[in-house]
Amino acid sequence: MATNRSSGLLGYLESRKNLTGSACGIVGLVLTFVGVAGPYWPVVVVGLYGAGALVAPPERPPVPDFPDPSAQLEELREDFGKLRAYLADIELPPAAAGRLTELTDLLAALLDPGWVAEILAQDPEGVHAVSRAVRQDVPEAVDTFVRTRWWTRLTPGTEPPERHLERQLAVLHNEAQTLATSLHEVEARRQESHTRYLEDRS
């Protein structure tokens, strides 16, 4: 309790209100020494201190320190490595395995350190889409397939679970491909802008 009070007092002593009020109070003391304040100098000093404290700008709380996009991508790369290790232990039918390879290769290209990842880092929605695919969509699709395939053995004649997996992976691949296309368009527009700049300059 005493620590909280002392930290609060120290915080106020260092605050803008106290510093501005103290500066105005010093002006009041100067006025007293030159004979302007007269016998009411304590009122003048206190009044100027209070006025200074009132007009001082309010304290601005510090901005939360969120990780920058490059740090987010680094964490995402680590999670993608865990996902690939998990997928390496899963046996899938050839068609689904092929679709999964196409998807993971595309995700790996997007996350590979370099200029592509730098462009991706500037697109929060793109980072979210890749994060969702790596941390939620792909592992859930594969895990659901594994669990459903076991039940299919007990209930023959039902729709093969690999068909659903293939469809899910196709959707996810299309989403990743759309993201890659949009990132390519960003670079294409940048190139066109630079061309126009050079042409206009000359």
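**Exercise 1. The fold pattern**

What pattern does the protein chain follow, read along the sequence?

*Solution.* Start with the ground rules. This is a predicted model: local features need pLDDT of at least 70, side-chain atom pairs count only at pLDDT 80 or more, and totals for chains, interfaces and linings use all residues. Residues are numbered from 1 along each chain as its sequence is written, and side-chain values use heavy atoms, with hydrogens and water left out.

Next, assign the elements. Helices (H or I, at least four residues) and strands (E, at least two) are DSSP runs, numbered from the N terminus. The protein chain has eight helices and zero strands. The pattern is therefore α-α-α-α-α-α-α-α.

**Exercise 2. Helix α8 and H173**

Place H173 in its helix, then decide: is H173 buried or exposed?

*Solution.* Step one: H173 lies in helix α8, residues 161–201. This helix has 41 residues. From first C-alpha to last it reaches 60 Å, close to the 60 Å expected at 1.5 Å a residue. The expected span is 1.5 Å times one less than the number of residues.

Step two: apply the cut-offs. Buried means under 20% relative accessible area, exposed over 50%, partly exposed in between (1.4 Å probe, protein chains only). H173 counts as buried because its relative accessibility is 19%. Other buried residues of α8 include L169, L172 and A176.

Step three: find the partners. Contact means heavy atoms within 4.5 Å. H173 touches E102, L103 and L106, leaving aside residues up to four places away in sequence.

**Exercise 3. Two partly exposed residues**

Classify V30 and G81, and describe the setting of each.

*Solution.* V30 lies in helix α2, residues 16–33. V30 has 46% relative accessibility, so it counts as partly exposed. With I26 and V34, V30 makes a nonpolar surface patch of about 280 Å². Such a patch takes residues with over 30% relative accessible area and no salt bridge (a side-chain nitrogen of Lys or Arg within 4 Å of a carboxyl oxygen of Asp or Glu). Nonpolar side chains (Val, Leu, Ile, Met, Phe, Trp, Tyr) are joined within 5 Å, like charges within 9 Å.

G81 lies in helix α4, residues 69–88. G81 is partly exposed because its value is 39%. The C-alpha atoms of G81 and A108 are separated by 9.4 Å, with their positions 27 residues apart along the chain.

**Exercise 4. The whole chain**

How many of the 202 residues, as a percentage, are buried?

*Solution.* Buried residues make up 25%. Now take contacts between residues at least 6 apart in sequence: 70% join residues at least 24 apart.

Methods
Accessible areas come from the Shrake-Rupley method with a 1.4 Å probe; for residues, only the protein chains shown count as cover.
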